[in-house]
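Here are two short exercises to work through with the model on your screen. Try each one before reading its solution.

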Amino acid sequence: MKFTDSPVVELPVRTAVLSLQQDNGSLHVGTSVWPCSLVLVKFAERWAPPSPDAQNPYANLLDFHGKRVVELGAGCGAAGMGLHLLGLTDIVLTDIPAVMPALKHNLKRNKPVLGKTLKHAIVHWNKAADQTKSLSPPYDVVVATDVVYIEETVGPLVSTMEALVKDDGVVLLGYQLRSPEAHQLFWEMCERVFVIEKVPHQDLHPDYAYEEADVFVLRKKQKGGPTQDAAPESV
């Protein structure tokens with residue numbers, strides 16, 4: 001599999017700038033940079049410690065000190081690399097083999113900015129039961145952006161998120177509606193497993209608050225805890 005030079009997307013994160021090269025010669029959607037990864041990183045940048053806002057509602061959520069994190073469907077690596085620059089030092093970026101050339105290319109391209117080559121691994125969601133063991137779960141945070149677009153992958157994706165995240169951990173999800181069928185199934189399955197919280201649009205970074213992109217925080221339902229009857233209406 002060969003990497004094809006394609007348009008570059010620049011993502012400023014505090015004092016650094018990530019340079020993300022897409023592979024438009026690839027037949028896989030994972031080799032393009034999609035908006036939700038940028039929206040999630042810039043949301044985290046706005047609120048991650050040290051945030052100037054004394055009334056920071058996301059201080060604990062985005063305090064990455066000492067946390068283990070895994071990203072699903074990392075693609076070109078925008079979300080994982082951006083969060084690393086915000087203090088998330090223990091992270092592994094995962095995707096399928098077809099996307100690895102683009103991911104590895106961008107990890108190498110941004111190594112001077114990141115200070116190291118971030119860990120990466122191949123994970124097929126439909127083989128997650130075997131592959132997640134090699135990742136040594138559970139994780140404090142599971143990151144996923146723009147991963148809901150094919151109905152057949154929804155079940156394996158939700159199962160993988162559930163298998164990887166700690167009982168008291170969180171899933172940080174950058175989301176945009178791509179397929180009505182996948183959308184409906186995804187939120188139906190999520191609400192069985194997770195308590196769903198949508199970040200208010202006004203809390204996103206003002207320069208990266210795209211109308212169609214949202215950030216969600218998913219937490220595992222505790223046995224015997226409160227139930228949630230439906231996914232957020234605004235989803």
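**Exercise 1: two helices side by side**

The crossing of helices α6 and α7 is right-handed. Keep in mind that this is a predicted model. Your task: work out how α6 and α7 run relative to each other, and find the residues where they touch.

*Solution.*
- Start with the axes: those of α6 (residues 151-164) and α7 (residues 180-193) come within 9 Å and cross at roughly 25 degrees.
- Angles under 35 degrees count as roughly parallel, so α6 and α7 are roughly parallel to each other.
- Now look for the contact. On the α6 side you'll find Glu151, Val154, Gly155, Leu157, Val158, Met161 and Glu162. On the α7 side, Glu181, Ala182, Leu185, Phe186, Met189, Cys190 and Val193 take part.
- Sort these contact residues by type, and you get ten nonpolar, one polar and three charged.

**Exercise 2: following the rings**

A search of the whole structure turns up eight aromatic pairs. Your task: start at Tyr175 and follow the ring pairs through Phe186.

*Solution.*
- Tyr175 and Phe186 are stacked, at 6.0 Å centre to centre with 15 degrees between the planes.
- Tyr175 sits in strand β7 (residues 165-175) and Phe186 in helix α7, so this pair ties together parts that are eleven residues apart in sequence.
- Check burial, where the cut-off is under 20% relative accessible area: Tyr175, at 5%, is buried, and Phe186, at 0%, is buried too.
- Next comes Phe186 with Trp187, an edge-to-face pair at 4.9 Å centre to centre and 75 degrees between the planes. Trp187 is buried as well, at 4%.
- Put together, ring pairs link Tyr175, Phe186, Trp187 and Phe216 into a cluster.

Technical notes:
Residues numbered from 1 in each chain as written. Predicted model: local features only at pLDDT ≥ 70, side-chain atom pairs only at ≥ 80, totals over all residues. Heavy atoms only, no water. Axes fitted to C-alpha atoms, helices over the stretch in contact; angles between N-to-C directions. Helix = DSSP H or I, 4+ residues; strand = E, 2+ residues; numbered from the N terminus. Parallel < 35°, antiparallel > 145°, perpendicular 65-115°, else oblique. Left-handed = near helix turned anticlockwise from the far one by under 90°. Contact = heavy atoms within 4.5 Å. Nonpolar A, V, L, I, M, F, W, Y, C, P; charged D, E, K, R; others polar. Phe/Tyr/Trp six-rings, centres within 6.5 Å; stacked < 30°, edge-to-face > 60°. Buried < 20%, exposed > 50% of the residue type's maximum accessible area, 1.4 Å probe, protein only.
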